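Take a look at the aromatic rings in this model. Which of them pair up, and which carry a charge overhead?

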Amino acid sequence: MRPWSDRPIQDCLESLEHLPPQLFRIEPHPYASVGAPYGQGKDPFRLRSGVVRRLLQAQNQLRHRAPELRFAIFDAWRPISVQAFMVNYTIDQLCRERGVDRDDPRQAADLQTVESDVGRFWAPPSRNPQTPPPHSTGAAVDLTLATDAGELLAMGSPIDAIGAVSEPDVFANASDPAEQLFHQRRDLLRTVMASAGFAQHPNEWWHYSYGDQLWAWRSGAEAAIYAEAGSNSATP
């Protein structure tokens, strides 16, 4: 359970929309590239229509503050089957990095630590309609900053990095000039996203949402307005 899991959901039934050309996409899509099961013709670069409008508003604010910059979209809508695949994939990757054998009962405690660390950043692939993963609702977007030429700015950690380095304010009191710049860029992203009503994930500088349970929890809304957006509710 997450702190926001108790927020009720009253779905407003907005459709998923393809992201417009004004929003630069990081391609090839990072999860599709490692085999995530999106299915035939399922475009991950989609969000609820109201979220798309707000994302464009936030990018307009960014352009006003820093005309040479734009958003770079890493990920948007994520079916629960993809969530399950990526949670398992991330656990595998982190086990490999730490020398943990998932099948060795003698390393059960190490595996539990890996799963706990991954769980701080990856929501469980819940099939309970009352606790959908944020990205499955079409309300959440992972994004960063880029130049007009499409060059991604260094933000202090890659998207999806597991660890404290990915927390939004980890560089807030940094004395190193490079780390101060990372904080300024993260703060700029947060400021322009907040201007359009988005809420930030507490552990991830790149994750923002509007209308899901996390947003309701952070904004004080009585209920979320987006439930899971599965294949039946998604636009083709």
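This report covers ring pairs, their burial and the charges placed over rings.

## Overview

The model is predicted. Searching the whole structure turns up eight aromatic pairs.

## Phe-171 and Phe-182

Take one of these pairs in detail. The ring centres of Phe-171 and Phe-182 are 5.5 Å apart, and their planes meet at 55 degrees, so the pair is tilted. Pairing needs centres within 6.5 Å, and tilted covers planes that are neither under 30 degrees nor over 60. The contact links distant parts of the chain. Phe-171 lies in the loop between strand 5 (140-147) and helix 4 (177-195). Phe-182 belongs to helix 4 itself, and eleven residues separate the two.

Phe-171 has a relative accessibility of 8%, so Phe-171 counts as buried. Phe-182 has 18%, so Phe-182 counts as buried too. The cut-off for buried is under 20%.

## Tyr-210, Trp-215 and Arg-54

Tyr-210 and Trp-215 make another tilted aromatic pair. Their centres are 4.7 Å apart, with 50 degrees between the planes. Both residues are buried.

Tyr-210 has a further partner. The charged end of Arg-54 sits over the Tyr-210 ring, 3.9 Å from the ring centre.

## A cluster and a second charge

Tyr-31, Phe-74 and Trp-122 form a cluster, linked by ring pairs.

Which ring lies under the charged end of Arg-70? That ring belongs to Phe-24, and the charged end is 4.4 Å from its centre.

Terms used:
Residues numbered from 1 in each chain as written. Predicted model: local features only at pLDDT ≥ 70, side-chain atom pairs only at ≥ 80, totals over all residues. Heavy atoms only, no water. Phe/Tyr/Trp six-rings, centres within 6.5 Å; stacked < 30°, edge-to-face > 60°. Helix = DSSP H or I, 4+ residues; strand = E, 2+ residues; numbered from the N terminus. Buried < 20%, exposed > 50% of the residue type's maximum accessible area, 1.4 Å probe, protein only. Lys NZ or Arg CZ within 6 Å of the ring centre and 35° of its normal.
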